[in-house]
Amino acid sequence: MSTTARASAVIPLPVEKVWEAVRLFDFPKTLLTTIQSVELVDGGRPTEVGAVRVLKWSDGSTLTQRLLELSDLSRSAVWETIAAEPVSEVSATITTLQAHRITESNGTLLTWSAEFSADTKGDFVAFQQKAFAENLNEIKASLTRQ
C-alpha cells in the first residue's frame, strides 16, 4: 500500500507569479475557500522556516503545521502536521508543494504531495489525493481570475 498522495495541475501563468502566491505559509487564507482562517502563531512570519500555522475549517476542525523548508531555488515548501483536532487518522504527515516552470508554454506545473506514516490506510491516502487535486484546482481558478 502506498503511503504517498500526489496531485498536480497546470496553471497557465509564469512560475514566478504562481510561486509568489503559494510560497507564503499563510496562502490558504487567500487561495482556498474551504479554509475559514489561517493563524501564524508565536509571531511567526509567512516565509520563516519554523513558523507554525493553524488552519481552521468552518466545521471547527483544525490542523497545526510547522514550516520545515522554504526554497526559492527549487520553488518548494515543505511542512509537517504537528496537531489535528479532531485527531488525525495518521501519526505523521510531511507535505510538499512545488512549482515547476513549463518551458513550452511559460506556464506552471504545481504539485502537492504528502508522505504519511506507515499507520495510514488506503482510503485516507485516496481522500487526501482528491483533496490535493481540489485544492490545486481552486488555486488555479483563483490565480487565473486575478
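This is a short dialogue on reading packing and contacts in a predicted model.

Q: Where should I start: which residues have the most contacts inside the largest nonpolar core?

A: A nonpolar core is a set of buried residues joined through side-chain atoms. Here the largest one has 35 residues. Val-22, Phe-27, Leu-97, Leu-110, Trp-112 and Ile-139 have the most contacts inside it.

Q: Which helices and strands each supply at least two residues of this core?

A: Two helices do: helix 1 (15-22) and helix 3 (122-145). The strands are strand 1 (4-11), strand 2 (35-41), strand 4 (62-71), strand 5 (76-85), strand 6 (93-102) and strand 7 (107-116). Helix 3 gives the largest share of the core, 6 residues.

Q: What is Val-22 in contact with, leaving aside its neighbours within four places in sequence?

A: Val-22 is in contact with Phe-27, Leu-31, Leu-97, Leu-110 and Ile-139.

Q: How many residues does helix 3 have, and what span is expected for it?

A: The expected span follows from a rise of 1.5 Å a residue. Helix 3 has 24 residues, and 34 Å is expected. From first C-alpha to last, helix 3 reaches 35 Å, close to that value.

Q: Which residues of helix 3 are buried?

A: The buried positions are Phe-124, Val-125, Gln-128, Ala-131, Phe-132, Asn-135, Leu-136, Glu-138, Ile-139, Ser-142 and Leu-143. Their cover includes strand 1, helix 1, helix 2 (28-31), strand 6 and strand 7.

Q: And Phe-127, is that residue buried or exposed?

A: Compare its relative accessibility with the cut-off: exposed means over 50%. Phe-127 lies in helix 3. Its relative accessibility is 54%, so Phe-127 counts as exposed. Its C-alpha is separated by 24 Å from that of Leu-143, 16 residues apart along the chain.

Q: How is a pair of aromatic rings described?

A: By the distance of the centres and the angle of the planes. This structure holds 5 aromatic pairs. In one of them, Trp-79 and Trp-112 have ring centres 6.1 Å apart and planes at 85 degrees, so the pair is edge-to-face. Trp-79 is in strand 5 and Trp-112 in strand 7, 33 residues apart. Both are buried.

Q: What kind of pair do Trp-112 and Phe-132 form?

A: A stacked one: the centres are 5.5 Å apart, with 20 degrees between the planes. Trp-112 belongs to strand 7 and Phe-132 to helix 3, so this pair ties together parts 20 residues apart in sequence. The relative accessible area of Trp-112 is 6%, which makes it buried. Phe-132 is also buried, at 6%.

Q: Which residues do ring pairs link into a cluster?

A: The cluster holds Phe-25, Phe-27, Trp-79, Trp-112 and Phe-132.

Q: Over which rings does the charged end of Arg-53 sit?

A: Here the distance to the ring centre is the value to read. For Phe-25 it is 4.0 Å. For Trp-79 it is 4.6 Å.

Q: One polar residue to finish: where is Ser-117 found, and is it buried or exposed?

A: Ser-117 is in the loop between strand 7 and helix 3. Its relative accessible area is 15%, and buried means under 20%. So Ser-117 is buried.

Q: Which side chains make polar contacts with that of Ser-117?

A: Ser-91 is joined to Ser-117 by a polar contact of 3.1 Å between side chains. The side chain of Asp-119 has a polar contact of 2.3 Å with that of Ser-117. Not counting residues up to four places away in sequence, Ser-117 touches Thr-3, Val-90, Ser-91 and Ala-92.

Conventions
Residues numbered from 1 in each chain as written. Predicted model: local features only at pLDDT ≥ 70, side-chain atom pairs only at ≥ 80, totals over all residues. Heavy atoms only, no water. Core = buried A, V, L, I, M, F, W, Y, C linked by side-chain atoms within 4.5 Å. Buried < 20%, exposed > 50% of the residue type's maximum accessible area, 1.4 Å probe, protein only. Helix = DSSP H or I, 4+ residues; strand = E, 2+ residues; numbered from the N terminus. Contact = heavy atoms within 4.5 Å. Polar contact = N/O pair within 3.5 Å; in protein donor to acceptor, adjacent residues only side chain to side chain. Expected span 1.5 Å × (residues − 1). Phe/Tyr/Trp six-rings, centres within 6.5 Å; stacked < 30°, edge-to-face > 60°. Lys NZ or Arg CZ within 6 Å of the ring centre and 35° of its normal.
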